[in-house]
Structures are given as C-alpha cells and as structure tokens.
Amino acid sequence: MAQAQGLGKKYIKAFFKGFFVAVPVTVTFLDRVACVARVEGASMQPSLNPGGRQASDVVLLNHWSVRNYDVQRGDIVSLV
C-alpha cells in the first residue's frame, strides 16, 4: 500500500511539473506565432463563409508574419 501511495505522488508530481512547463510554452506560442480563430457573419463573404451559409469558418491567424511586416497584397488581416 505504501508503494502505491508513493507511486501516486510520483505521477502527480510529474503531472504538475509538465503542466507548469506546457502552459507558458503554449500561451507564448499562441501569442507570438499563430492561433486558431472562428470567422462568422457576412463581412468576409465570398472569401470566407461562401454562399451565405450559417456555418462558421476556422482560420489560422499567423502572428509571425505581422510581427515581421511580411504582409502582402491579398492577405486577410484580422484586427482585435
């Protein structure tokens, strides 16, 4: 029984160690490199949501290109 408790504590400790490493890395990636966003409504038709359908499109927002001023003609820019 004592081994089972020691093994459980070991797994919990490993989980929290991984958690405290993974969360800051993930947040930094989503803030600096790229994130996923949902586009709804008729404002971007016909490029996004073609045909007036009610479903939303999912896009990848590339933060890296904007930070490096690598925006070109024809790119869709999202502002918050």
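This report describes the fold, surface, strand contacts and largest pocket of a predicted model.

## Overall fold

The protein chain has 80 residues. Its secondary structure comes to two helices and two strands, and from the N terminus on these elements follow the order α-β-β-α. Helix 1 covers residues 2-32, strand 1 covers 34-39, strand 2 covers 57-62 and helix 2 covers 63-67.

Buried residues account for 9% of the chain. Among contacts between residues at least 6 apart in sequence, 46% join residues at least 24 apart.

## Surface and nonpolar patch

The accessible surface of the protein chain is about 7200 Å². Carbon and sulfur atoms contribute 62% of that surface.

A nonpolar surface patch of about 710 Å² is formed by Ile12, Phe15, Phe16, Phe19, Phe20, Val23 and Val27. One of these residues, Val27, belongs to helix 1. Val27 counts as exposed because its relative accessibility is 51%, and the cut-off for that class is over 50%.

## Salt bridge

The structure contains one salt bridge. The side chains of Asp31 and Arg32 form this pair, with an N to O distance of 3.6 Å.

Both partners fall in the partly exposed class, which lies between the 20% and 50% cut-offs. Arg32 is partly exposed because its relative accessibility is 41%. Asp31 has a relative accessible area of 40%, so Asp31 is partly exposed too.

## Contacts of strand 2

Asp57 is located in strand 2. Its relative accessible area is 14%, so Asp57 is classed as buried; the cut-off here is under 20%. With neighbours within four places in sequence left aside, Asp57 contacts Ala37, Arg38, Val39, Leu48, Asn49 and Pro50.

Val59 also lies in strand 2. Val59 is partly exposed because its relative accessible area is 22%. Leaving aside neighbours within four places in sequence, the residues in contact with Val59 are Cys35, Val36, Ala37, Val39 and Leu48. The C-alpha atoms of Val59 and Val39 are 7.2 Å apart, while the two residues are separated by 20 residues along the chain. Val39 is thus listed among the contacts of Val59 and among those of Asp57. Ala37 and Leu48 likewise appear among the contacts of Asp57 and of Val59.

## Largest pocket

The largest pocket holds about 490 Å³ of space. Its lining consists of 19 residues, and those closest to the pocket centre are Leu61, Asn62, Ile76, Val77 and Ser78. The elements that supply two or more residues to the lining are strand 1, strand 2 and helix 2.

Strand 2 therefore figures in two parts of this account: the strand contains Asp57, which is buried because its relative accessible area is 14%, and the strand also gives two or more residues to the pocket lining.

Conventions. Residues are numbered from 1 along each chain as its sequence is written. This is a predicted model: local features need pLDDT of at least 70, side-chain atom pairs count only at pLDDT 80 or more; totals for chains, interfaces and linings use all residues. Side-chain values use heavy atoms; hydrogens and water are left out. Helices (H or I, at least four residues) and strands (E, at least two) are DSSP runs, numbered from the N terminus. Buried means under 20% relative accessible area, exposed over 50%, partly exposed in between (1.4 Å probe, protein chains only). Contact means heavy atoms within 4.5 Å. Patches are made of residues with over 30% relative accessible area and no salt bridge: like charges are joined within 9 Å, nonpolar side chains (Val, Leu, Ile, Met, Phe, Trp, Tyr) within 5 Å. Accessible areas come from the Shrake-Rupley method with a 1.4 Å probe; for residues, only the protein chains shown count as cover. A salt bridge is a side-chain nitrogen of Lys or Arg within 4 Å of a carboxyl oxygen of Asp or Glu. On a 1 Å grid over the protein atoms alone, a cavity is a set of points where a 1.4 Å probe fits but cannot get out, and a pocket is an open set with protein on both sides within 12 Å along at least five of seven lines; lining residues have an atom within 4 Å of a point. Grid points are joined across faces, edges and corners, and a volume is the space filled by probe spheres set on the points.
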